[in-house]
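Me: Could you take a close look at a single part of this structure for me? I would like a connected account that begins with one strand and its partners and then moves outward to the charged contacts.

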Amino acid sequence: MESEKPKVDRWLVLRDLSRPNAKNPAYKALQSMPGMEEDLFIPMKRQAYVQGGKRLVREVPYMYDLIFVRRTREELDMLLVKLPGLQYRYRRGCKITDTLSVADAEMSRFKKAVESADIVEYFTPAEVPLELYGKKIRIVGGKLDGITGRLMTKQGSKVKRLIIDLEECNLSAAVQVESEYIQVLK
């Protein structure tokens, strides 16, 4: 009888110490590990670059040293021994035992929104002025069904965006939403 994998209700936050232009960064090693598909999330963005005189677009990490992994601390400790370029992220001004983590429900909401959108804008909450944070909304129907967040309101913009925050990590994402799916919450 196989031993069951323990239920993990938090995503631990890691940092990759390799350089942004490294040939084999730690996030690629993690992506190639079997069984990590569902338990690994790296916020990605599209970046244009020129190679051999041709302009290409590729997916690169939004922050090269930001990795979310849904594993127990014990499993990650063994993994960090194998990949010395990885380490835990800690809260600023806290004890070294206080690693950053995100609740599974919050991370699932964030991950679902980011992975279902064609265009994602990442930023820290401090980069978005409070006046751009609109009403609290829920998406009803479509790919983002059930996701809650704040409506990003930019004067003159015809595009509606949903802001989803990961407060523990000081990270926000804005994804485009269709007007007919927006339900304003009180």
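**A strand and its partners**

Reply: In β12, A174 is the bridge partner of E121. The model is a predicted one, and within it A174 of β12 is also the bridge partner of I163, which makes this residue a convenient place to begin. E121 falls within strand β8, residues 120-123, which runs antiparallel to β12 and is joined to it by 4 bridges. I163 falls within strand β11, residues 160-166, and β11 pairs with β12 in the antiparallel sense over 7 bridges. Strands β11 and β12 form a hairpin with 4 residues between them, and N170 in the turn has a positive phi of about 55 degrees. As for its surroundings, β12 spans residues 171-177 and is mostly covered, with 6 of its 7 residues buried.

Helix α3 can be considered next. Its 13 residues should span 18 Å at 1.5 Å a residue, and the end C-alpha atoms are indeed 18 Å apart, so expectation and model agree. Among the buried residues of α3 are D104, M107, F110, K111 and V114. An α-helix has 3.6 residues a turn, so residues three or four places apart point the same way.

D104 leads on to the charged contacts, since its side chain meets that of R70 in a salt bridge, 3.0 Å from N to O. R70 lies in the loop between β5 and α2, whereas D104 belongs to helix α3, so this pair ties together parts that are 34 residues apart in sequence. Both R70 and D104 are buried, and the two belong to a network of salt bridges that also links D39 and R71.

The structure holds 7 salt bridges, and two others deserve a careful reading beside this one. D65 forms a salt bridge with R89, the closest N and O atoms being 2.9 Å apart. Because D65 sits in the loop between β4 and β5 and R89 in the loop between β6 and β7, the pair ties together parts that are 24 residues apart in sequence. D65 counts as partly exposed at 21% relative accessibility, while R89, at 18%, counts as buried, the cut-off for buried being under 20%.

R46 forms a salt bridge with E59, where the closest N and O atoms are 3.4 Å apart. R46 lies in strand β3 and E59 in strand β4, 13 residues apart. R46 is exposed, with a relative accessible area of 55%, and E59 is partly exposed, with 42%.

Technical notes. Residues numbered from 1 in each chain as written. Predicted model: local features only at pLDDT ≥ 70, side-chain atom pairs only at ≥ 80, totals over all residues. Heavy atoms only, no water. Salt bridge = Lys/Arg side-chain N within 4 Å of Asp/Glu carboxyl O. Helix = DSSP H or I, 4+ residues; strand = E, 2+ residues; numbered from the N terminus. Buried < 20%, exposed > 50% of the residue type's maximum accessible area, 1.4 Å probe, protein only. Expected span 1.5 Å × (residues − 1). Pairing = 2+ DSSP bridges.
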